[in-house]
Amino acid sequence: MKKNPKYRRAAPDTTQRLRRTMQAAFLALNVWIGIEFWRFVRFYEAGAGSVAPERPAGVDGWLPIASLMNLKIWIATGQVPAIHPAGMFLLISFMAICLLLRKTFCSWMCPVGTISEYLWEAGRRLFRRNLRLPRWLDVGLRGIKYLLLALFVYVVVSMSATDLQAFMDGPYGIVADVKMLNLFRFLSATSAVVLTGLVAGSLFVQNLWCRYLCPYGALMGLASLLSPVRIRRTPELCIDCAKCARACPSTLPVDQLITIRSAECTACLHCVAACPAEGALGLSTVGVRRRVPAWAVACGMLLIFLGTYVGARA
């Protein structure tokens, strides 16, 4: 750690409190969507009752491949698909968020990302540390999610809009949401083993699913490369304590870089919260290098999300 005559201790951090609040809100929203969708499905399974519960459109957000298919159909035909259209608009919303505000969807909104974070933090409390894989292995495993993304994109691109529409209008496409629900309602032995392995592994490895296996996160990461904001370090104010790098869940060398351009950066602001030097680290716009406060990130995400919802409803 170097002595810096310009060093001033940073004020107590509030970015993580704001981010955790937003995470909790979207996790609660998804839990509510799950419960309402379960009630919807059970109504038709049981064949009882006179008033059917309304199907929550937000469940389409859990169908990323269908969302990609519908996006191509919309682009090719100019018509909004009738089956699972909400997922397409949610995909557009999340992509827009990442294009403007880095990969914040993953660390501020995604319920899987939130649960994953809860797990590795629980593992750290239980075992006093998390496991960090050797860099060569970590980088190699990160490629898996991009390969999965490439596979899904290839399937969607290789099919014509007519074929995609026929699939979405077919028996499987119509009940894809129910199939997804039943995957968790009626866990097979294989699914149970895989899920247990992911949960157990997430206690030891930070963001195991998001880091190595999530194709949705891979897509968001690629979109974030075009974002006008970056985590930026000011060397003149930095005291080289390396606390930012140790705090980064993506194990990025924040203390060695001026600007973080990696697709793995989720703008979770863990590094900013850990920095003890005022003004040394923050989320900044490219070019003018103006700092973007956490509240502006939260407001921007909500405006895009709610704006897309209102526009889709209209």
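In helix α3, a run of residues is buried: Ala86, Gly87, Met88, Phe89, Leu90, Leu91, Ser93, Phe94, Ile97, Cys98 and Leu101. Keep in mind that this is a predicted model. Below is a quick tour of α3, its neighbour α2, the α2 and α6 crossing, the salt bridges, and a few single residues.

**Helix α3**

- α3 covers residues 85-101, which makes 17 residues.
- From first C-alpha to last, α3 reaches 25 Å, close to the 24 Å expected at 1.5 Å a residue.
- What covers the buried residues of α3? The cover includes the helices α2, α4 (104-109), α12 (215-224) and α15 (294-313), along with the strand β1 (229-233).
- Right behind α3 comes Arg102, and its phi is positive, near 65 degrees.

**Helix α2**

- α2 spans residues 64-77 and has 14 residues.
- End to end, first C-alpha to last, α2 reaches 20 Å, close to the 20 Å you'd expect at 1.5 Å a residue.
- The buried residues in α2 are Ala66, Ser67, Leu68, Met69, Asn70 and Ile73.
- Those buried residues of α2 pack against α3, α6 and α7 (161-169).
- Just after α2, Gly78 also has a positive phi, in this case about 80 degrees.

**Where α2 crosses α6**

- The axes of α2 and α6 come within 10 Å and cross at roughly 35 degrees.
- Left-handed or right-handed? The crossing of α2 past α6 is right-handed.
- On the α2 side, the residues at the meeting point are Ile65, Leu68, Met69 and Lys72; on the α6 side, they are Phe152, Val156 and Val157.
- Sorted by type, the residues of this contact come out as six nonpolar, no polar and one charged.
- Leu68 and Met69 turn up twice here: both are buried in α2, and both take part in the contact with α6.

**Asp138, also in α6**

- Asp138 sits in α6, the helix of residues 135-158.
- Buried or exposed? Asp138 counts as buried because its relative accessibility is 3%, and the cut-off for buried is under 20%.
- Setting aside residues up to four places away in sequence, Asp138 touches Leu133, Arg211, Tyr212 and Thr251.

**Salt bridges**

- How many salt bridges are there? The count comes to eleven.
- Some background for this group: side chains of opposite charge can pair when their charged atoms come close.
- Glu45 has a salt bridge with Arg42, with the closest N and O atoms 2.9 Å apart.
- Glu45 and Arg42 are separated by about one helical turn, because they are three residues apart in helix α1 (residues 15-46).
- Both partners are partly exposed, Glu45 with a relative accessible area of 40% and Arg42 with 33%.
- Glu45 has a second salt bridge in the list, this one with Arg185, where the closest N and O atoms are 3.0 Å apart.
- Glu45 lies in α1 and Arg185 in helix α9 (residues 176-185), so this pair ties together parts that are 140 residues apart in sequence.
- Arg185 counts as partly exposed too, at 25% relative accessibility.
- Asp60 and Arg55 meet through their side chains in another salt bridge, at 2.5 Å from N to O.
- In that pair, Asp60 counts as buried at 2% relative accessibility, whereas Arg55 is partly exposed with a relative accessible area of 24%.
- Elsewhere, Arg19, Arg20, Glu117 and Glu121 are joined into one network by salt bridges that share partners.

**Gln16 and Leu303**

- Gln16 is a residue of helix α1, and at 14% relative accessibility it counts as buried.
- Which residues is Gln16 in contact with, leaving aside its neighbours within four places in sequence? They are Cys268, Leu269, His270 and Ala273.
- Leu303 has its place in helix α15, and α15 is among the elements that cover the buried residues of α3.
- Leu303 itself is exposed, with a relative accessible area of 65%.
- Leu303 and Met95 are 208 residues apart along the chain, and their C-alpha atoms are separated by 14 Å.

Technical notes. Residues numbered from 1 in each chain as written. Predicted model: local features only at pLDDT ≥ 70, side-chain atom pairs only at ≥ 80, totals over all residues. Heavy atoms only, no water. Helix = DSSP H or I, 4+ residues; strand = E, 2+ residues; numbered from the N terminus. Buried < 20%, exposed > 50% of the residue type's maximum accessible area, 1.4 Å probe, protein only. Contact = heavy atoms within 4.5 Å. Axes fitted to C-alpha atoms, helices over the stretch in contact; angles between N-to-C directions. Left-handed = near helix turned anticlockwise from the far one by under 90°. Nonpolar A, V, L, I, M, F, W, Y, C, P; charged D, E, K, R; others polar. Salt bridge = Lys/Arg side-chain N within 4 Å of Asp/Glu carboxyl O. Expected span 1.5 Å × (residues − 1).
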